[in-house]
Amino acid sequence: MIIVREVAQLRQAIAERRQLGANGEKAEYGSAATQQHTVGFVPTMGYLHEGHASLMHKAREMADTVVLSIFVNPIQFGPNEDLDSYPRDEARDLEVARSEGVDIVFLPTVAEMYPQPTRTKIHVSSLTDRLCGTSRPGHFDGVTTVVAKLFNMVGPDLAFFGMKDAQQVAVLQQMVTDLNMNVTIVPCPIIREDDGLALSSRNVYLSAEQHKQALVLSHSLRKVREVSEDVVQNTFTIRQLYQMVESTITSSPLADIDYIEILTFPGLEPLPPEQRLSDVEEDIIVALAVKFGNTRLIDNMRIQKAEVLSHV
């Protein structure tokens, strides 16, 4: 496993890997073999958990070379958010990367990523107007900008993102499509703790009691799954579905709801409150953001239009 901290080192390491060709043997640069060598990229902010490991594992299955980046991106944090206290553990992260067969780890500093104040940002309209985009203004501009920079540095064929942040997946797919970026976004399922809580680097902030009460998020989404799969109950209206989720979450005294939204996916368009669940022809996402103490957690459930539910 190669560890690099500078963009020039990263590009050189990837170029050398691509020269190996698809079969791992050195081939003439520019030959069909080198052109077939695929690079899979997993961008993260570190403090890696099993959810991140699942992305690396998927990348290892699908690509010849796996590149992992670890960078806590300052421009996606608001002024009152947890940039300074965001959990970091480089040594532990490197062990996780090594165990998952990562080939190259990119560990840039802020100065390496932003050597001068950024005057260019990428803004995806419409999709960022709801969900986390409402309560975190400017957040997705920071995400799209840093991901675009990383794509330009790595030049991946495949990029792997967890569906826990489904809005991020939708926004990045829109960016890639609109700007004709030569990379395929690969969404990967949510990984959960044994008790159902979606894995997140921020879970470490939760007290034992907050963790226990945060289970109402997965409980509410489990009810969504049951309703969507039940021939009788899937006649619920969008309003009834919302009320069911809300009542489940508010049963926790510590839960402070930021949003509960039921939208089309990936378009993220609102659905009429009186429309029946069974009459919706598009994919649906039930997305949540709830604070427990100072810790803001997100989770979601996707209902596929073919009446097959993907618990992502």
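**Surface features and overall dimensions of the predicted model**

In the predicted model, Glu-282 is partly exposed, with a relative accessible area of 48%. This value falls short of the exposed class because that class requires over 50%. Glu-282 is situated in the loop that lies between β7 and β8, the latter strand covering residues 284-292. Together with Glu-269, Asp-279 and Glu-281, Glu-282 forms a negative patch on the surface.

A second loop position, on the other side of β7, is that of Pro-253. This residue sits in the loop between α11 (238-249) and β7 (255-264). Pro-253 has a relative accessible area of 70% and is therefore classed as exposed, the cut-off for that class being over 50%. With respect to Ser-85, Pro-253 is 168 residues away along the chain, and the C-alpha atoms of the two residues are 26 Å apart.

At the level of the whole chain, the secondary structure consists of 11 helices and 10 strands. The radius of gyration is 20 Å, close to the 20 Å expected from the globule rule for 312 residues, so the protein chain is as compact as a globular protein of that length. The C-alpha trace extends over about 60 × 40 × 40 Å along its principal axes. Buried residues make up 51% of the 312 residues in the protein chain; neither Pro-253, at 70%, nor Glu-282, at 48%, belongs to this class, because burial requires a relative accessible area under 20%.

Note on methods:
Residues numbered from 1 in each chain as written. Predicted model: local features only at pLDDT ≥ 70, side-chain atom pairs only at ≥ 80, totals over all residues. Heavy atoms only, no water. Helix = DSSP H or I, 4+ residues; strand = E, 2+ residues; numbered from the N terminus. Buried < 20%, exposed > 50% of the residue type's maximum accessible area, 1.4 Å probe, protein only. Patch = residues over 30% accessible without salt bridge, like charges linked within 9 Å, V, L, I, M, F, W, Y side chains within 5 Å. Areas by Shrake-Rupley, 256 points an atom, 1.4 Å probe, with all protein chains shown as cover. Salt bridge = Lys/Arg side-chain N within 4 Å of Asp/Glu carboxyl O. Lys, Arg positive; Asp, Glu negative; His and termini not counted. Charge placed at Lys NZ, Arg CZ, Asp CG, Glu CD. Rg over C-alpha atoms; globule rule 2.2 N^0.38 Å.
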